[in-house]
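Here is a walk through one chain, starting from a single side-chain pair and working outwards. Keep the viewer open as you read.

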Amino acid sequence: MNPDTQKLAAGLYLIATPIGAARDITLRALDILTAADVLVAEDTRSLRRLMDIHAIPVGDRPLWPYHDHNGARMRPRIMAALAAGKSVVYASEAGTPMVADPGFDLGRAAVADGHPLISAPGPSAAVTALTVSGLPTDRFLFAGFLPSTSGKRKTVLADLSEVPATLVLYESPKRIDAMLRDAAEVLGADRPAALCRELTKKFEEVRRGTLAELAEGCAVTPPKGEIVVVLGRGSSQDVKEIDLDRSLQAALQDLSVRDAADQVAARLRLPRRRVYQRALELATKNEAG
Ligand code: SAM
């Protein structure tokens, strides 16, 4: 162990843990696990297993659970340990705490009470998927899990459709088929995407293609295990607003708002909702003007 970490300064240490391969743990995270006074984990069994693999004894140190269901009850206890000058390490079940995982309220409470909050960074499925997706990495938005019902999911997808960035989403294998079909409908069937499965594990797989191709592939070979979906930017984001307005104004001369929107959305391959909203705005302006 690094001699500098034999005695850890007081504070709350957030460590990232592997998302698959157990050796994807940093030396610093192991040092912190070795030296911390108090161990806190979303899943105490997973942390114990990880520490066993790396031959780090829990010893007589407290090992407390902290998750969404006991956070309010556990926070005062953890804050009291910090106030007593203890070093406390927190690990979520896999990956980086707070990334679609608990830990946010805990970190905020530590900051509010004036305790140091320290990150020992490491794996996260979102960034791992982004880097193997083959899609642009210059600007990305992590949107976590989409709602589980189709209606709400489509509303969120419509909100995300104009974000000029690669989108990174977590999804359960139970819903991946429905999610990809909804995404194809709302964002366009030809939107480039990647389905990244079981990253860093034995059956790691990356399927790349359009949303329509990925949805079709899921129907034939349903993907199992843990999944991240990465969505490239739509071609719609390259279409200048002025082109949209010109096309809509021309179509509105002969067609209803609804028909004009349908026709232009299909021709420019833009999300129908966005085109319909713009068509309504233009029609209202035309009437007023
Ligand atoms: N905190 C974690 C992180 O930093 O990635 C995420 C925790 S979230 C509760 C679990 C979700 O992350 C899974 O449902 C899946 O979408 C994604 N995930 C976790 N491990 C993964 C892996 N090895 N391969 C693909 N996706 C993974």
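## A bridge between two loops

Asp 138 and Arg 233 form a salt bridge through their side chains, at 2.7 Å from N to O. (A salt bridge here is a side-chain nitrogen of Lys or Arg within 4 Å of a carboxyl oxygen of Asp or Glu.) Asp 138 sits in the loop between helix H5 (125–133) and strand S6 (140–145), and Arg 233 in the loop between strand S10 (227–231) and helix H9 (241–252), so the pair ties together parts that are 95 residues apart in sequence. Asp 138 is exposed, at 62% relative accessible area, while Arg 233 is partly exposed at 25%. The cut-offs: buried is under 20% relative accessible area, exposed is over 50%, and partly exposed is in between, with a 1.4 Å probe and protein chains only.

A word on what you are looking at: this is a predicted model, where local features need pLDDT of at least 70, side-chain atom pairs count only at pLDDT 80 or more, and totals for chains, interfaces and linings use all residues. Residues are numbered from 1 along each chain as its sequence is written, and side-chain values use heavy atoms, with hydrogens and water left out.

## More salt bridges

The structure holds 15 salt bridges. Another one joins Lys 201 and Glu 226, at 2.9 Å from N to O. This pair also links distant parts of the chain: Lys 201 is in the loop between strand S8 (192–197) and strand S9 (205–210), and Glu 226 is in the loop between helix H8 (211–220) and S10, 25 residues apart. Lys 201 is partly exposed at 28%, and Glu 226 is exposed at 51%.

Then there is Asp 245 with Arg 278, at 2.8 Å from N to O. Here two helices are linked, with Asp 245 in H9 and Arg 278 in H11 (residues 272–288), 33 residues apart. Arg 278 counts as buried, at 17% relative accessibility. Elsewhere, Arg 197, Glu 205 and Arg 207 are joined into one network by salt bridges that share partners.

## The chain as a whole

Zooming out, the chain has 11 helices and 10 strands. (Both are DSSP runs numbered from the N terminus: H or I of at least four residues for helices, E of at least two for strands.) The radius of gyration is 24 Å, well over the 19 Å that the globule rule gives for 289 residues, so the chain is more spread out than a compact globule. That radius is taken over C-alpha atoms, and the rule is 2.2 Å times the number of residues to the power 0.38. Along its principal axes, the C-alpha trace spans about 80 × 45 × 30 Å.

Of the 289 residues, 46% count as buried. Contacts (heavy atoms within 4.5 Å) lean on long sequence separations: among those with a separation of 6 or more, 72% come from residues 24 or more positions apart.

## Two helix residues to click on

Asp 159 lies in helix H6 (residues 150–160) and is exposed, at 54% relative accessibility. Its C-alpha is 10.0 Å from that of Arg 273, although the two are 114 residues apart along the chain.

Gln 263 lies in helix H10 (residues 257–268) and is partly exposed, at 40%. What does Gln 263 touch, not counting residues up to four places away in sequence? Ala 251 and Leu 255. Phe 140, by contrast, is 123 residues from Gln 263 in sequence and 31 Å from it in space, C-alpha to C-alpha.
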